[in-house]
Each structure stands twice: as C-alpha cells, then as structure tokens.
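Biologist: I'm new to this one and would like a close look at a single part of it. Could you walk me through what sits in the middle and then work outwards?

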Number of protein chains: 2
Amino acid sequence: MDDKRRAALLCRLGVIVGRRFVESLLLFGRVFRHKKPLRMKLIVQKYGGTSVANPGRIKNVAQRVRETCAQGNQVVVVVSAMSGVTDGLIKLAREVHPAPDDREMDMMLATGEQTTIALMAMALHGLGLKAVSLTGAQAGIVTDGVHTKAKIVNITPKRVHEMLDAGNVVIVAGFQGVDNAGAITTLGRGGSDLTAIALAAALKADLCEIYTDVDGVYTADPRLVKNAKKLEEISYDEMLEMASLGAKVMQSRSVEFAKKFKVPFSVRSSMNNNPGTLVKEETRKMEDVVIRGVTVDKNQAKVTIAQVPDKPGMAAQVFKAIADANVNVDMIVQNVSASGHTDLTFTLAKDEVPRARRALEPVLREMGAGGVACTEGIAKLSVVGIGMRSHCGVAAGMFDALAAEKINIQMISTSEIKISVVIDGAQADRAMNIVHAKFGLG
Amino acid sequence: MDDKRRAALLCRLGVIVGRRFVESLLLFGRVFRHKKPLRMKLIVQKYGGTSVANPGRIKNVAQRVRETCAQGNQVVVVVSAMSGVTDGLIKLAREVHPAPDDREMDMMLATGEQTTIALMAMALHGLGLKAVSLTGAQAGIVTDGVHTKAKIVNITPKRVHEMLDAGNVVIVAGFQGVDNAGAITTLGRGGSDLTAIALAAALKADLCEIYTDVDGVYTADPRLVKNAKKLEEISYDEMLEMASLGAKVMQSRSVEFAKKFKVPFSVRSSMNNNPGTLVKEETRKMEDVVIRGVTVDKNQAKVTIAQVPDKPGMAAQVFKAIADANVNVDMIVQNVSASGHTDLTFTLAKDEVPRARRALEPVLREMGAGGVACTEGIAKLSVVGIGMRSHCGVAAGMFDALAAEKINIQMISTSEIKISVVIDGAQADRAMNIVHAKFGLG
C-alpha cells in the first residue's frame, strides 16, 4: 500500500467514523432530550390596580408578560381591578343603599377584576400570544361564605393547568372566589396578592412575582431616609413585621399565607426592570444581618387610662370592651402600681380613637377608674431583623442613639425580631434617620 | 208556653244555630284554604338599560317590583346593563385591541349586567324586600359556545326555584349564559329580552313583562301618525312581522322563542302604569281585526341589476354572492323577460350597499349583465294583520289609497299576513298616515 492509497483509506475511514460519531451524538441528543426535557418554569405574576390603570398600562404589562414567556416560562397573570374602578362601584352601591348587603357587594365588586382579565387577554392577543382569562370561580378558587372578607379554603386549578398545557398565558381575576353554594365572594384588602400567592402554592409555581408601584422592600422609607437601600432578600418573618409596621408594600395576610405554604415571592415594580426584593424562608446567611430595616408609623394615637384599680381582671375588662367595638389595639404598657392604682397605656390607629373612647366610657365608670387621655401626634419607630435573636445590644444601641439626639422614648415594646418605641411624631423622621445610620443600613 | 218564653227560646236557639253556622263556615274555610291554597302567580319582569340607567331609576324599578310582590306574586327580575355601560366597555376593549377576541369580549361585557343585578338587589333590600342576584351562569342558563351571539340550549333554574321558595325576589343578569366548558357567553342583540322569555318558559311563569321605554305596540309609530292607537293584544306572528319591519320594540328572536314555547308576554313602559300590549297565541277573536298595524322602514336601499341574461341559475348566482358577503337581502322583484334579458331588483339595509356592490361586481362581469344602480331614499311601507288571511281586498285597498294620493309604488312583496310596498322615502310619512286612516286604525 503506497502512501497515496493509505491516505485515501484513512480519509474514508475518518469520514465513516466521523459520520457515525455525529450520528451517535444526534441519537444521544434525542434520547437525552426525550428522557430529560428542559423543564419550563412556571411563574405567577400579580399586577395591582395602578399597574393596569388604563389601556396603555395594560399594554405595558402585556409586554412584560411576553418577555417572561420569551425566556421560556409558563406564565399565570393575576390582576386587580383598574385603579379607581372599585371605589366607583362602592360609590354607586351607596347611592342605591346606605349599607349595601355583603353578598351583593361581592357580586358587584367582582366585576372590576373580571373587566381587567378580559382586557389583559386582549392585550396579549395583540402581541401574538395565546391567552385566556378566568374568573376566580373558574380558576377553582373556593372560599368560605364570609362575603367581603372571605378566606380561601381550597384551590382546584384543573382548568388553569389545562389552559397552560394548551400553550396559553392564563389570566386569573384576583381578589375573588366562589363559596360552596356557588356565590361569588371577595377576599377583602390585599386580596389580589393573596390570590397570586395561593395560586402559586396550588400550582407549585417556581416563583411568584408581586408587581406594585414600589421597587421592593427598603431598609427604610426612601422618601424619608435618603440613603435607604433596597433589600435583595428578606425572610417571611421580617416581611411580616415590616408589613404590620406600616411599610405598606403588602398585607400581612398574604405574607403569612406564603410563609405557611413556603411560596417564595418577589416584590418589584411594574414600571422598571429592577430585580426587586425576594421574600423567602429564613436562611443561615440571613442571620448575619442584625437589622433588616427601620419603619415608622405615624398613623397611631396613644390612649392612657389613669387610676385603674390595681386588681385582677381590670385590664381584661378594658380590652374586652375595646375588642367588642372591633378596635385593634397595638402596643400595651402598664406601669408599676402605686398606692393601689395603676396607669394603663395603649396605642391604636388614629381614626379609631372615637370608637375606642365610646366603648371605654361605661367600663371605666363601672370600675371607678380616672379619666382617659388620648394623644395623637405620636409615631411608632421600629427596627426589624431576625439576626437580632443572636445579637445582643440592639435595644441598647437604639435607645442610646435616640438619647444622644435628645429624642424622648414614651413607650417600648419588643418581639423576638423587632423593637418598637413610641416617640413624638414631630421627631419621627429625624429619629428614623438616626437609627438607620446607627445600624449602618445606608 | 207564652209568647214571651217562646220568643226567648227562639232567640236562644237562633244564637246557637247562628254560632254553629258561623263555626261551620270557619271550619269549611280552613279546610278549603288548606286543600286548595290560593296559588301565587310567578311573574318574570325584564327591565332594559334605560330603565336602570342610574341609581334613581333602579330605585324606581325596585318600587314597581315591590308593588308586584304586594299583589301576592313571586317575582323574577331580569335586567340589562345600565345604558351606556356596554358601549363604554366596548370602547375600552378597542383601545387595547382593534378586534378583540369574542370569548374575552363576553367575559368583559357580562360585567355590565352583573353590576346591575347587584344594585337592583340592594335597592330591593332598601325597600325591606328579600332579594338575591344571580349571574346567567348561576341561574342555570346554558348556551352553545358561539361567543357574542350564543344560543340558549338549556335552562336548569334549580337555584332560581330554591331562592323563590325561600321568599326572595330573584334578580337574574340578562344577556348572558355559560357554555358547557364553563366559559361566560353573551346572547347578542336583544339578549336580555330572550333571557326573560326563556326563563319564563323554563320556570313555567304565569306572565312575562318586558319593560321598555315605549308604552307597547302601536298601530303605527306614534311619532309619525298622530292618532296611532296602542294595541291591547297581538299574536306572535303579527308581532314578528312588526318587529322585523322596523317597529323596533323587540328583536324577532325573542318573539320567535316566545312563540315556540308559548310564553305570553306583555310589552310595557317602566315610566308609567299603562297596561301595555299583550303578545300571545292567536285566538279566533283576533282574526276579526283585518289589519293590526302599519309600519315604515326608511333604512332601506334598492339595488337594480340591469340586463341580466334570462337563463336558469342567474338569480342564484347573484344572491349567493351577496349571501357569501354576509349581506341580508329583504324584498326581491324580477321583471318579466324582454329580448332575452331581465332586470333584477332587491332591497337591503342602506349601510350594506357598499359591501353588496363589492360582492356583485365580479359576478356581474362574469355573467355579462349590465350595470348596478343603487337607490337610497326609499321606504318600505307595510300593513300587518292575521285577519288578512280571511279577508280579501286588503292589497287592493292599500294600493287604491296610495294611488288616490299620487304615491307611486316601486315594488310590492306579500306574505300571508303582510303586504309591503316600496315607495319614495320623502312620501313615507304621508303614505303611512293615509294607509293608517284607510284601514280605520286611528
């Protein structure tokens, strides 16, 4: 065999081997694709009333949904009523009846979201996407029968799955469901967030995104603290304390639900592409951060009852009367008894003061207590962080910083991951900046 | 026994007999009441968009419903969307998508009636009545899946019955239903009337009342004929001819449904207490009335195709082309052939002329016909009456009356209970009055 023939043979062999190799690769690829398909992620996105306030904004949201789909995700969209619609309906109802029936209110209010889901589907069609809308009832969201503030008891998202499998973006009306008798119910305040998180849980979604008009959760209100920083992540418990403390990003209820069913969710803005804040289960790493954020609540009033007889059952009597009047009390402080009497102080929402006062008067007369003094113009300043549990001196540090700036502390209340103080409302913004700086959050 | 004692005895006996008599009467009454209770009548009332246009009008309707209840009736109320609401929603949809998807349109439009039913229930509560609202789906109105113009296939009014039995006024959203897949559908034009009549049939109601903004069906349009009279009653067939001829009280579709299921209904005004017109099955007595009414339709145009070759299949070709373009043709007249060619004339709705013309052009070129002449400014004048069947000379009388007043007849078309002529539109009102007088309808 001369060199020429050998080269030709080798070359031919090479071609054969090469073809076989490529064929095997292709075959392997096919088998591999078949056996382990790249799983599509399922994302639930919730858009609030301001994000869908008009046709232009609805089209913007549709663009965002398209981008999410283009990244290879399945998407379920939960929407609220267009901002202003719900208020308009309530006004209309009041013109017909001063105190409309709850069942009928739900029947009427549910139309707000029903309009948005249809418009959102149309907007997605306009971008060439397959999309279909479902009311809460159609999406299988079953609630109890407590109209205007129903609780979700069960979600059977069979139809959502079917429609996703058929290649649709599925748009679900937030805030609403159906009770066992087939009546339309609504979930009350923060209901659309709850719909999104509950659906994410029921669908075993990979992520739930709550789009709102803020960029995420901050170390402090950025309007009040210039160098406040957006948090990348936060634990459910911290978010709960932040939510209940007046960082009005979300209702506690939805966060509690997410915590219970371990649904990670992010809070982000529908107006930009910033990543937002991820709310999820606590991790070890999270504990390294002692203080997550500082919040201030100026919507509070302080009520002091003087000369309460210092005997068992007195506090119970006072707070039972207030609870019976449906007033929510926040902080409670009872001073040490002096000469058989004590002072009882608590805080509550400003606008509930008249109701609390009315409820208290007969009780106080009966128990022979002194007068009631109500102080508005106060503020509750709080620091929150799960790291607090394993770090000492947070309270001391906070009080120190305030004292150094001559800010007087009127009341103190603490939980495992939170310290709250009541101060003069006029000093609130300054105090917030001081504490924010003290813990190096900027 | 002296007279005095006899008188006393008789008197006592009289009292005893009298008491027994009264007791037996009472007992009989009890048994009678028990065995044959006075059956409550079930009335379905339908109120259109102008009748529920604002909170004030909704309260007025509630008053009317209360009166109907006070007369010992069970009442089912069917309502439309408040006037203007549907148009507003359509406008909104068009801002999001130029040609919105039908399924999503239905999802959105259904909210209009859903809002009204809730408001109506609230208004009835305000008058101390028990009332509850149901969407079309909740009321068991099942349709086919043809969105925006669905047909009712089945009504299972179980929930309506239950709620009536529980002492409620039941308010049902008109115009809407649900298909077998659970999607919300709407019934298209005249849909709320259809809901009312179909529900009346399914519930075996004693009467269906269609409240609208006219007083009933008149012998002629009262705005055009001064001495037009309201009809006390009219047969389904006459109503159908009146409806399709432009007496725009109701869509033919609902009348056809009522005829099919033998549902008597009355057409009356929600603004006054006048009795309206009862539409029902034909009775012997009805045939005594030769002419029921005169209608005029000025919304028509006349199309003449000249020089159509006089051979089989030409007319078929022409009207197939028009039908394929979804244009509805009304009257058709073909003149006697002369020299192997004929003229073909037909009428159609004015605004469909351009579409018809476009559809015709290729066909006419192909068949070698002459040009197309379209005449607007015509009117179709018709007389309707089931008595016509057994009375001769109606057509002659009509033509005579018009001729005497020098009104030229361009086309003639007749059915068993109707004669229509096409005349110059400018003469329509005068012609209507002449014919109305000729048949003594004033």
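Biologist: Which residues have the most contacts inside the largest nonpolar core, and how many residues does that core have?

Modeller: Happy to, and keep in mind that this is a predicted model. The largest nonpolar core has 247 residues, and the ones with the most contacts inside it are A:M120 and B:M120. Let's zoom in on the chain A copy. Leaving aside residues up to four places away in sequence, A:M120 touches A:I58, A:V61, A:A62, A:V77, A:V79, A:S133 and A:I171. For a bit of orientation, the domain assignment of chain A gives domain 1 as 41-213 and domain 2 as 300-376. The centres of those two domains of chain A, taken over C-alpha atoms, are 42 Å apart.

Now for where the chains meet. Here, 28 residues of chain B are in contact with 28 residues of chain A. On the chain B side, α2 (55-70), α3 (85-96) and α4 (102-126) each supply at least two of the touching residues. The largest share comes from α4(B), with 14 residues. Sort that side of chain B by type and you get 15 nonpolar, nine polar and four charged residues.

Further along chain B there's a sheet to look at. Its four strands run in the order β15-β16-β14-β17, forming an open sheet with antiparallel pairing. At the edges are β15 (329-334) and β17 (372-375) of chain B, each pairing on one side only. From one strand to the next, the twist averages 20°. Helix α10 of chain B, residues 353-367, packs on this sheet and touches β14 (300-309), β16 and β17 of chain B. The direction of α10 makes about 160° with that of β17(B). Back at the β15 edge, β15(B) and β16 of chain B (residues 341-349) pair in the antiparallel sense over four bridges. As one spot to find on screen, B:V333 stands opposite B:T345 in β16(B).

One last stop is B:A428, which is found in helix α12 of chain B, residues 428-438. B:A428 counts as buried because 20 other C-beta atoms lie within 10 Å, and the cut-off for buried is 20 or more. Again not counting residues up to four places away in sequence, B:A428 touches B:V296, B:K298, B:A379, B:L381 and B:I423. If you'd like a second point to compare, B:L278 is 150 residues from B:A428 in sequence and 28 Å away in space, C-alpha to C-alpha.

Methods: Residues are numbered from 1 along each chain as its sequence is written. Chains are lettered from A and ligands numbered from 1 in the order in which they are written. This is a predicted model: local features need pLDDT of at least 70, side-chain atom pairs count only at pLDDT 80 or more; totals for chains, interfaces and linings use all residues. Domain bounds come from an automatic or database domain assignment. Two strands pair if DSSP finds at least two bridges between them. Axes are lines fitted to C-alpha atoms, for helices over the stretch in contact, and angles run from 0 to 180 degrees between N-to-C directions. Two residues are in contact if their C-beta atoms, placed from the backbone, lie within 7 Å. A nonpolar core is a set of buried Ala, Val, Leu, Ile, Met, Phe, Trp, Tyr and Cys residues joined through C-beta atoms within 7 Å. A residue is buried if 20 or more other C-beta atoms lie within 10 Å of its own, exposed if 12 or fewer, and partly exposed in between; C-beta atoms are placed from the backbone. Ala, Val, Leu, Ile, Met, Phe, Trp, Tyr, Cys and Pro count as nonpolar, Asp, Glu, Lys and Arg as charged, and the others, Gly among them, as polar.
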